[in-house]
Amino acid sequence: MAGTYAVILAGGKGERLWPATLARPKPLLPFGGNGRTLIRATYERVLPLVGAEGIYLVATGELAEALGAELGLPPEQLILEPYGKNTAPAVGLAALLLGARDPEGIMVVLPADHRIEDEEAFRRALRAAARAAEEGYLVTLGIRPTYPATGYGYIEGGEPLFTAEGYTVHRARRFVEKPDRATAEAYLSRGNFFWNSGIFIWRFSRILEEIERHLPGLAAGLARLREHIGEPSFAEAVRAAYAGAEGTSIDYGVMEKAERIATIPVSFGWSDLGDWHAIWEVSRKSPQGNAAANAELVARDAKGSLVFSLTRKRVGLLGVDGLAVVDAPGALLVARRDRAQEVREIARAFAAREHDWPELYRLDTGGMLGAIEGFPEQCREALERGRSAGLPAGLKGFTRICVVGMGGSAITGDLLGLALPGVEDITVRDYRVPDYIGEETLLIGASYSGNTEETLTAFLQGLGRTRRALGISSGGKLRDLCRERGIPWIGIPGGFQPRAALGHLLFTLLGALEGLGLRAEGLEEALDVLSRMAGELSPRVSPNRAQELAARLWRKIPVIYGATGTTAPIAFRWRTQINENAKQPAFSAELPELCHNEIVGYELAGELFPGIVRVFLRTSRDHPRVALRVEILRGVLRRRGLEFLELRGEGGGGLAQALSLLYLGDWTSAYLALLNGVDPTPVAPISELKDRLAREPWDPAAGP
Ligand code: PA5
């Protein structure tokens, strides 16, 4: 006869429960009630239902060993994953193994680290669910929401199917991703939306059938695995199956698309104990609302705090409210309880410290870090230089600016457009200028060296179309050409890498254009923000935010997203800075365009290209619909388990926000270079290419 089996899934880093999870994996923390660990509470909760032989654990090697030891599980009840790859492969693996013996058996999938207050009610719900599973339904327990949570996915309940054990089983209409606040409020008032508990009940045969239908990579791997069951080759075969499996959650990979899905609305005191606030909520508290776990607490004039110690500390709280104080061997957290979600950032900041930064600074023999630190000063100096440049009034009267330049110099053109939103601005990175360039255009030849052939060629071509022109360089042929033809030329200091001379190029031009009646808004604010950032991100402050970011991007391929019209050129600068400083691939793309093509590339991204990390650059000046698109994309990325970061510009003005993001990228790219073990400064392939081209002389005056 078919039996019932509990399959406990253990994984996840528990970053929000730092620093306790440094010392112990979350399932081994003692928050299961009555002093039990979470994993023991999970085990005991299902024990009366399935018996000790019916409980299986899926985890990776070390974790499986530790949790198995805590539960006294025999090795045959441990299902080992080669590495964590989200819940779908874990469920598939367990279903294959257990289903091989008992295909019509019922599988109860349980996260290892949730808390449930009314355990008897929980078991009754599982019995009701098992009845629905026997009828072929894929069942999820849906938690009746108690507040408009934005941190959980929801299930929309449909018509009732039947009642058992005091519970009504409903058809499930759909699974929906984590909502924003307004949607969550609407769900709460509708009454038929429930939190997705991550607890699932189904027949082995049914879930395997749905995996076959919706996750072909996983299904193919499982099919090949079948013949290795019980053989010494099994572990190796699991590794191969995982390699080809979709790294997705069972919710997203199967439940959102499957047929015959049902939900049972429950309210038995459930919590996923995601952060210290959630732990405080379920803890026994003093009349003042203080909770102490594993610690001896004396509180005076203090309320609403959680104190947890893994080293059994005596803790005194005096005159403080609403804190989470968590002590682990070698680490201590003191946080406002209402900001518990952000503890993850602290965990990541410490992870970045694992790198020996002072040692890494030695790689910077070309002095790129110093050049980046000097950027705000460079900008100020350049602004003054530009203001005293005294461009001839005859240049006035243009309606468009066209900057011709390449690489590190060309970005100046993009940024001029951001700084001077009232003027049409185009940047030409080519040998030719567009046909529509004419007298109404102010042509600017920008080349740091003054010797770049594309720039010189396009500039000369443009000179035939407009008499409004100027050049900017540290010298070179551009200077000579301007002098010969009596064209205004502005000299900037030499000795930098072109990309590190951006302040000289951009701010000199901004200062000079003021003389022609063009004033950038928010210059002072932007410069103040940059100066503050130089202090915060310099190598003397370590680890700093840019170093943490570099650590997150390390050994990944970053794709940087900017919004067209605001941060798109900044995203491009990030990409090129990562290329040139860190000497590694990086890409950039734009919103809203990505929603019309690139988003489809997310389909297989996690599975085939897990090493990509997406970085969204955001400012308050982004179009409101673009901001909404990012909100939606966030959900899409989360559901697919795709890694992403969001970075916000600093300051109020558009220029400050854009340049602060740019500056953060410059720092991050240089620190990433050090993590990659390279000196950020040299760009050997660019020099080699230029040398090679120089062997085949090109006369820019010969025409495009
Ligand atoms: O960063 C670099 O070295 C390059 O991108 C250069 O800027 C590019 O080759 C153009 O040279 P220049 O800036 O001297 O015109």
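Student: What makes the four strands S24, S23, S25 and S26 an open sheet with edges?
Tutor: In this predicted model, the order is S24-S23-S25-S26 and the pairing is parallel. Strand S24 (587-591) and strand S26 (644-648) each have a single partner strand, so one side of each is left without a neighbour in the sheet. On average, neighbouring strands here are turned by 25° against each other, direction ignored.

Student: How do you know that S25 and S26 count as paired?
Tutor: Two strands pair if there are at least two bridges between them. Strand S25 (residues 612-618) and S26 have five bridges, in the parallel sense, so the pair meets the cut-off of at least two bridges. Within this pair, Val615 stands opposite Leu645 in S26.

Student: Which strands stand at the edges of the sheet with mixed pairing?
Tutor: That open sheet has four strands in the order S12-S14-S16-S17. Strand S12 (291-293) and strand S17 (331-336) are at its edges; each has a single partner strand, so one side of each lacks a neighbour in the sheet. Neighbouring strands of this sheet are turned by 5° against each other on average, with direction ignored.

Student: What makes S16 and S17 a pair?
Tutor: Strand S16 (residues 323-328) and S17 share six bridges in the antiparallel sense. Pairing needs at least two bridges, so the condition is met. Val325 has Val334 in S17 as its bridge partner.

Student: Why are S7 and S8 called a pair, and what lies between them?
Tutor: Strand S7 (residues 154-164) and strand S8 (residues 167-176) are antiparallel over eight bridges. The cut-off is at least two bridges, so they count as paired. They form a hairpin with two residues between them. Thr163 stands opposite Thr168 in S8.

Student: How do you know that S8 also pairs with S10?
Tutor: S8 and strand S10 (residues 261-266) have two bridges, in the antiparallel sense. The rule asks for at least two, so two bridges satisfy it. His170 has Thr263 in S10 as its bridge partner.

Student: What makes the phi of Glu165 and the phi of Asn86 worth a remark?
Tutor: Most residues other than glycine have a negative phi. Glu165, in the turn of the S7 and S8 hairpin, has a positive phi of about 55°. Asn86 is not a glycine, yet has a positive phi of about 75°. Asn86 is in the loop between strand S3 (78-81) and helix H4 (87-101).

Student: How do you know that the bond between Trp18 and Pro19 is cis, and where is Pro19?
Tutor: Omega is about 0° for the bond that joins Trp18 and Pro19, and the bond is cis. Most peptide bonds are trans. Pro19 is found in the loop between strand S1 (4-9) and helix H1 (20-23).

Student: Which other peptide bond is cis?
Tutor: The bond from Ser542 to Pro543 is cis, with omega near 0°. Pro543 lies in the loop between helix H20 (523-537) and helix H21 (545-553).

Student: What makes Thr452, Glu580 and Tyr448 polar contacts of the ligand?
Tutor: A polar contact is a pair of N or O atoms within 3.5 Å. A polar side-chain atom of Thr452 lies 2.6 Å from an oxygen atom of the ligand. For a polar side-chain atom of Glu580 the distance to a ligand oxygen atom is 2.5 Å. A backbone N or O atom of Tyr448 lies 3.4 Å from an oxygen atom of the ligand. These distances are within 3.5 Å, so the contacts qualify.

Student: How much of the ligand does the protein bury?
Tutor: Taken alone, the ligand exposes 370 Å², and the protein buries 93% of that. The space taken by the ligand is the second largest pocket.

Student: Which elements give two or more residues to the shell around the ligand?
Tutor: They are helix H16 (407-419) and helix H26 (684-694). H16 gives the largest share, three residues. The residues surrounding the ligand include Gly407, Gly408, Ser409, Ile686 and Lys690.

Technical notes:
Residues numbered from 1 in each chain as written. Predicted model: local features only at pLDDT ≥ 70, side-chain atom pairs only at ≥ 80, totals over all residues. Heavy atoms only, no water. Axes fitted to C-alpha atoms, helices over the stretch in contact; angles between N-to-C directions. Near = heavy atom within 4 Å. Polar contact = N/O pair within 3.5 Å; in protein donor to acceptor, adjacent residues only side chain to side chain. Areas by Shrake-Rupley, 256 points an atom, 1.4 Å probe, with all protein chains shown as cover. 1 Å grid on protein atoms, 1.4 Å probe; cavity = no way out; pocket = protein on both sides within 12 Å on 5 of 7 lines; lining within 4 Å. Sits in = over half its atoms within 2 Å of the grid points.
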